[in-house]
Amino acid sequence: MLLEIKNLKVSVDGNTILHGLNLNVGKGETHVLMGPNGAGKSTLVNTIMGHPEYKVDEGSIIFDGKDITHLPANERAKAGLFLSFQNPEEVPGVTLENFMRTSRMAITGKPVKLFAYKKELKEKMAELNMNDGYAERYLNVGFSGGEKKKSEILQMLMLNPKLAILDETDSGLDVDAVKIVSQGINQYKNKDNSLLIITHSAKILESLKVDYVHVLVDGKIVKTGGSELVGEIGRNGFQKIAAAAV
Amino acid sequence: MDVALRNVNMLPVRTWNRLGINDTGLQEKFSDPAPYRGKALAGSLPEGVSLTKKPFPVSDAETGMGKDTADFVESHSNCGVSLCAAAGTKAEKPVVLNYEISEKNPTVIDCNEITAEEGSEITVVMGYRSEGDVPGFHGGLTKLYAGKGAVIHLMQIQLLGDGCTHFDNVGAFAEEGGKIDIVQAELGGKHAFSGVKTRLGGTKSQLNMNAIYLGDHQRSIDINYIAQHTGRKTSSNINVSGALLDESQKTFRGTIDFVRGAKQAVGHENEYNLLFSPKVRNRTAPLILCQEEDVDGQHAASTGRIDAARLFYLMSRGLSEAEAKKLIIEAQFHPVIDRIPDMELKKEVSDFVKGRLSQLESMG
Amino acid sequence: MEKKKTMVKDIDRTIYDIKDKVHPSYEVKEGLTPEIVEEISKTKNDPKWMHDFRLKSLEIYNNLKVPDWGPSLDGLNMNDIVTYIRPDTPMRGNWAQVPDDIKNTFERLGIPEAERKSLAGVGAQYDSEVVYHNVREEVRRQGVVYTDMESAIRDPQYGSMVRDHFMKLVPPTDHKFAALHGAVWSGGSFVYVPPHVKVEIPLQSYFRLNAPGAGQFEHTLIILGEGADLHFIEGCSAPKYNVANLHAGCVELYVAKNAHLRYSTIENWSKNMYNLNTKRALVEEGGNMEWVSGSFGSHVSYLYPMSILNGENSRMEFTGITFAGKGQNLDTGAKVVHAAPHTYSDISTKSISKDGGTCTYRSSVVILPQAYGCKSSVNCESLMLDDRSRSDTIPVMDIQNDDVDVGHEAKIGRISDDAIFYLMSRGMSEEDARAMIVTGFAEPIAKELPVEYAVEMNNLIKLEMEGAIG
């Protein structure tokens, strides 16, 4: 089991958002997390990544055999976790290229061979239909919504994590961008790494082989099923599932 | 009598003396103050609001124009009110005070204290006018105290003629959750001074200030606003906008002061100045003083002529240049004028502004 | 929810102790006497006009008051200064007395052994004399004059040009320390670039450090002919250590019609210094003046490079960063006067305060009545790294006609938690994340500097962030 979340209770500013959540993600699997707004999806993924504002009141998070529940975010990144943010931060003065190189060195602990790295970066950017010039732009500064999401996927491809969590990566993207991002995700995915995708729309899932779909309502996972659940939710919404869970 | 006030509208932190902006002085000769003839209070006081003899909850209250000015008013006042809104009262109508400078009241020195007890809300509107261009003097001191969760709306509308010198000195204090909301319109007078210092001591207390000014002929306007954050999660929002015509001049000092301990405080200040003649003078000192890291302080100021693109847009819809300029200035003032709760006063202010701007026709 | 702060290692530093009598307040008349000034003049072989000029400046100095705004100058010990600038001074630097943190910094910044001594004012000029000499040869071929101030005054060809310009832009009457400078100035550079000559390599003043007084009261005079182009770099990022603690230098820049001058400074005086420097540029029609400034050192700084836009269509751009750490009170900014139509100014500054340091941004933008059609933009951003420090922004604008477009923006805040989390989620430690964000914050200045300086500046920032520099 790559990721084991047991009985996770999380609060923000004194308000409990997750009420004892359980989730397991195995190696090579693709999981999808859906749920109404305010259910706690972003809270869950930010907690997994270790955002300091989210307080774990109870429960644990075990990643690749290691208890990461109280580790700082960078230790989790080194362990092989990656989060593609819904609203990536802008960091003025730091170029995309410099940032990713530093990040890779921090995670692998090894110096980066500049020439090979730049070549790899250029190739991956081309695959994501990203103009060369982006590498020299300041991280996310002035990027459109779509460009920000692509920048996140680019980082994912360059860092090659064990588990990639995508928080609404498809929101705000036009049809072409969704296609490209899907391609990027497919490129990343192999039999050894795993995906946890938060999404509202089915579009991005079309080209993926989805193993499990979880429905999160009111801070708990109320139903788990296969990919057919996506279609069901698309047709009937969350109400029925939520009601059945009570 | 004569008055010479010093250290008026002082900058909290001094800068180069050559710039002449560290502070200013006020020298005036005026008729000895006699008790104000006439009734300043329009109508009656709303329920829950009463005249009080209780001492103001804050001793040694600091004001925007400074101690010299505050002392002057306290020792020479000839009118003014001390109001108290009882705890929990939400006054159903504003308290309106009208002062008119005329031959029978050439000098108006009003000393006011407004206390809003816990959970109350009160609106006080003060209007100052004069009979044509009769020479006169107005000096006011107003202290505001918003108790826990209380709200004070203060509007000071100055529509004096060219013969008057005027000043408004305000010191405000807000307790936990208290809110101070001030509107100032400096639209007349030969020399106008205004200083407001607000101490946001209570957690989550707020200050909202909206000021408009209009300078023409040889008018001078001198302003000093200070938002002092000492409490946590306090917020201040100061907006000043106005126009200068002819040979008028304006000095604006705006300070956001984050004192150590004011964690998560937010202070925003915005200034927008339209200039209409080559002989005007606009001085601005937007200060941010900060001793606390966990804050958000921002200041933006812009000065110049009317945006050419905007002017063109209006003219492309048929307005003459003068009409377009009038429209833009009125539009600038509108959000503030709109907040005046008293319909008559609102109209009076709009007309006053329109009257002043009619001279723009001749400017073409 | 407790917000974690970077644990900055607090290295205990012993600041150099001036063992002589410590005076609680700055003394006005004592110490600097006409006799001492006469001595200085004689030792330097001043021409008569300079001798008289020094004495007149001393008179002015005695009659001016210390500024009543800005950081306190109470720690300024005038007697030591006086003792130090005497030509026969017994006060000389000694390598053993140079504080350890300075020595360590030299090590960290990779400054070669010999240069360290010269930077600490305790050694002769090794190598740098040679390098300097070679630079001079190169530019001489272009007709550029680059020499030390003392020689320039006496130069048969350029002496009168120097006399016509010396302390005319910054007269001794300007303020007390300008007057002091006029009386005791020593060392510095004179540069003259003939019309239409573009100097390809940046000239660096780094090479000029020599004996007592110099480096502290140096006078830089740069005159660009019509259409000339020069980049001049002053200072270096290694801490400049000095025995006496006052730097009252003066820089006068004349940018003729259509000429272009870029003046870059990285200032890292040791942390006992009072840095009261006056820099001023006069820009003529179509001229372009660029200032790039990094202030990291000194105990107290008063530094406001000023530009006078005297000719139509002239312009000025100022980019600066100030980083105040423990025990520092750095009061810096810029001044500009628009004295002609269609002029343009842009001031963009960043400041960082940490560990109880105080950063003050102070500026003035004056647009005179005859300067119609002008545009000015001021942008200052301040970063607070903890709640022990202080950051004040005191900008003033004085606009005296309506045909202007003036914008001003100021922001203050801390490093956002979200930004730190984002960088940490990509593997960086919290410390590294902060350093990266601060370096990014300083980027606009770094990219204006020649690469070696930019790298040095970034290293300096990294060291500051680690709390390793005193």
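**Exercise 1. Find which stretches of chain C in this predicted model have pLDDT under 50, and state how many contacts beyond four places in sequence the model has for each.**

Solution. Begin at the start of the chain: over residues 1-30 of chain C the pLDDT stays under 50, and for this stretch the model, which is predicted, has 41 contacts beyond four places in sequence. Next, move along to residues 207-212 of chain C, where pLDDT again stays under 50 and where the model has 14 contacts beyond four places in sequence. Finally, consider how to treat such stretches: where pLDDT is low, the predicted coordinates should not be read in detail.

**Exercise 2. Describe the confidence and the overall make-up of chain C, and say in which elements confidence is lowest and highest.**

Solution. Start with the average, which is a pLDDT of 82 for chain C, with 78% of the residues scoring at least 70. Then turn to the elements: helix α5 (residues 113-119) of chain C has the lowest confidence, at a mean of 60, whereas strand β12 (residues 306-309) of chain C has the highest, at 98. As a further step, count the elements, which come to 12 helices and 19 strands in chain C. Of the 470 residues in chain C, 54% are buried, and among the contacts in chain C with a separation of 6 or more, 83% are between residues 24 or more positions apart.

**Exercise 3. Work out the strand order of the open sheet in chain A, and place helix α1 of chain A against the strands.**

Solution. First, write down the order of the 4 strands, which is β2-β1-β4-β5 in chain A, with antiparallel pairing. The edge strands are therefore those that pair on one side only, namely β2 (15-25) and β5 (66-67) of chain A. Next, look at one pair inside the sheet: strand β1 (residues 3-12) of chain A is joined by 7 bridges to strand β4 (residues 55-63) of chain A, and the two run antiparallel. Within chain A, V10(A) stands opposite V56(A), which belongs to β4(A). Lastly, add the helix: α1 (residues 41-49) of chain A lies across β1, β2 and β4 of chain A, and runs at about 70° to β2(A).

**Exercise 4. Analyse the contact between chain C and chain A, starting from the residues that each chain gives.**

Solution. Chain C gives 23 residues to the contact, and chain A gives 23 residues. On the side of chain C that touches chain A, the elements that give two or more residues are α10 (417-424) and α11 (430-446) of chain C, and α11(C) gives the most, with 10 residues. Sorted by kind, the residues of this side of chain C are 11 nonpolar, 5 polar and 7 charged. To finish, note the predictor's scores for the complex, an ipTM of 0.93 and a pTM of 0.84.

Key: Residues are numbered from 1 along each chain as its sequence is written. Chains are lettered from A and ligands numbered from 1 in the order in which they are written. This is a predicted model: local features need pLDDT of at least 70, side-chain atom pairs count only at pLDDT 80 or more; totals for chains, interfaces and linings use all residues. Two residues are in contact if their C-beta atoms, placed from the backbone, lie within 7 Å. Axes are lines fitted to C-alpha atoms, for helices over the stretch in contact, and angles run from 0 to 180 degrees between N-to-C directions. Ala, Val, Leu, Ile, Met, Phe, Trp, Tyr, Cys and Pro count as nonpolar, Asp, Glu, Lys and Arg as charged, and the others, Gly among them, as polar. pLDDT is the predictor's confidence in each residue, from 0 to 100. A residue is buried if 20 or more other C-beta atoms lie within 10 Å of its own, exposed if 12 or fewer, and partly exposed in between; C-beta atoms are placed from the backbone.
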